[in-house]
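Hi everyone, thanks for making time. I'd like to walk you through one structure this morning, so please pull it up and follow along.

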Amino acid sequence: MLLGILAGFLASCFGWQIDLIAIQRGLKRGRTAAFLVGCGAILADMIFLSVGFTGTQPLLAHPEWWGIIRWVGIGVILTLAVRGFLGHNKPHTQVEEVSKRNPTKNFVVGFLVVISNPVVFLMWVGIIGFLRAHFSETRELWFKEFFLVGFLTGGMLWFIPLAFIFLKRLKHWSEENHSFLSRLSSGALVLVALYLIFFENFKFS
């Protein structure tokens with residue numbers, strides 16, 4: 001379980017793309033929104049891990065699926081970036097009204113951004129292969145379940161402080177600073193999308 005906790009914490013900590021989205025949506029929609037983005041991302045990672053433990057051949061046998069899925073992820077990121085740029089042009093009361101509607105969308109956003117990235121999937125497949133090669137306990141029947149529980153715990157250890165401590169401090173900033181941070185994160189998301197389009201032309205071998 002300790003390996004799972006470490007993997008979950010580090011994956012969430014260094015998943016700066018999801019962290020940017022969580023902060024951006026947290027500033028606009030509240031701290032719970034940021035937390036739900038993180039929960040969606042954790043679930044997507046856990047699905048990848050579960051597939052990796054069970055067997056990857058069905059997914060690897062159909063690389064054409066991943067091209068479509070990848071473009072869905074790019075579209076989600078660009079949509080979030082545009083909404084981040086435009087969101088602070090709306091009246092504050094309108095932003096507050098939007099933040100009260102359908103909080104589960106934040107969960108779906110976090111889930112889609114991760115589940116639509118085939119590189120994340122292969123990263124977890126590689127990590128699982130490494131663990132099985134170097135840790136004999138990974139071949140035990142109980143290891144998968146304990147690892148996934150640990151991964152969930154480790155992810156929560158990152159996103160709970162991010163959403164309910166770090167963002168709480170940011171709430172004391174002025175509206176101008178909030179606007180600047182939101183636009184900065186939106187610009188970073190555009191760069192991420194451009195990188196995925198032009199440089200991460202991933203192909204399964």
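Before anything else, a word on how the elements are named: helices are DSSP runs of H or I with at least four residues, strands are runs of E with at least two, and the numbering starts from the N terminus. One caution as well: what you have in front of you is a predicted model.

With that in hand, the overall layout is quick to describe. The protein has 10 helices and zero strands, and reading along the sequence gives α-α-α-α-α-α-α-α-α-α. Of its 205 residues, 40% count as buried.

Let's begin at the N-terminal end, with the surface. Which residues form a nonpolar patch there? They are Leu 6, Phe 9, Leu 10, Phe 14 and Leu 157, and together they have about 480 Å² of accessible area. Helix α1, residues 2–14, gives the most to this patch, with four residues. Leu 157, on the other hand, is found in helix α9, which spans residues 143–170. With a relative accessible area of 48%, Leu 157 is partly exposed, because the exposed class begins over 50%.

So how do the axes of α1 and α9 cross? They come within 6 Å of each other, at roughly 40 degrees. That makes α1 oblique to α9, since roughly parallel would need an angle under 35 degrees. The crossing in which α1 passes α9 is right-handed.

While we are on α9, have a look at Phe 159, which is found in that helix too. Is Phe 159 buried or exposed? At 2% relative accessibility, Phe 159 counts as buried, as the cut-off for buried is under 20%. Phe 159 and Ala 22 are 137 residues apart in sequence, yet their C-alpha atoms are 8.9 Å apart in space.

Now let's turn to α2, residues 16–29, and two helices that pair with it. One of them is helix α3, residues 31–54: the two pack at an angle of about 150 degrees, with their axes 6 Å apart. Anything over 145 degrees counts as roughly antiparallel, and α2 and α3 are therefore roughly antiparallel to each other. The other is helix α7, residues 104–115, whose axis comes within 11 Å of that of α2 and crosses at roughly 165 degrees. By that reasoning, α2 and α7 are roughly antiparallel as well. As for handedness, α2 passes α3 in a right-handed crossing, and α2 passes α7 in a right-handed crossing too.

I'll finish with two pairs of residues that are well worth finding on your screens. Ala 81 lies in helix α5, residues 63–87. With a relative accessible area of 1%, Ala 81 is buried. How far apart are Ala 81 and Arg 183? In sequence they are separated by 102 residues, while in space the C-alpha to C-alpha distance is 8.2 Å.

The second pair involves Leu 122, in helix α8, residues 118–134. Leu 122 has a relative accessible area of 27% and is partly exposed. Its partner here is Phe 48: the two are 74 residues apart in sequence and 8.6 Å apart in space, again from C-alpha to C-alpha.

That's my tour. Thanks for listening, and I'm happy to rotate the model for anyone who wants another look.

Key
Residues numbered from 1 in each chain as written. Predicted model: local features only at pLDDT ≥ 70, side-chain atom pairs only at ≥ 80, totals over all residues. Heavy atoms only, no water. Patch = residues over 30% accessible without salt bridge, like charges linked within 9 Å, V, L, I, M, F, W, Y side chains within 5 Å. Areas by Shrake-Rupley, 256 points an atom, 1.4 Å probe, with all protein chains shown as cover. Salt bridge = Lys/Arg side-chain N within 4 Å of Asp/Glu carboxyl O. Buried < 20%, exposed > 50% of the residue type's maximum accessible area, 1.4 Å probe, protein only. Axes fitted to C-alpha atoms, helices over the stretch in contact; angles between N-to-C directions. Parallel < 35°, antiparallel > 145°, perpendicular 65-115°, else oblique. Left-handed = near helix turned anticlockwise from the far one by under 90°.
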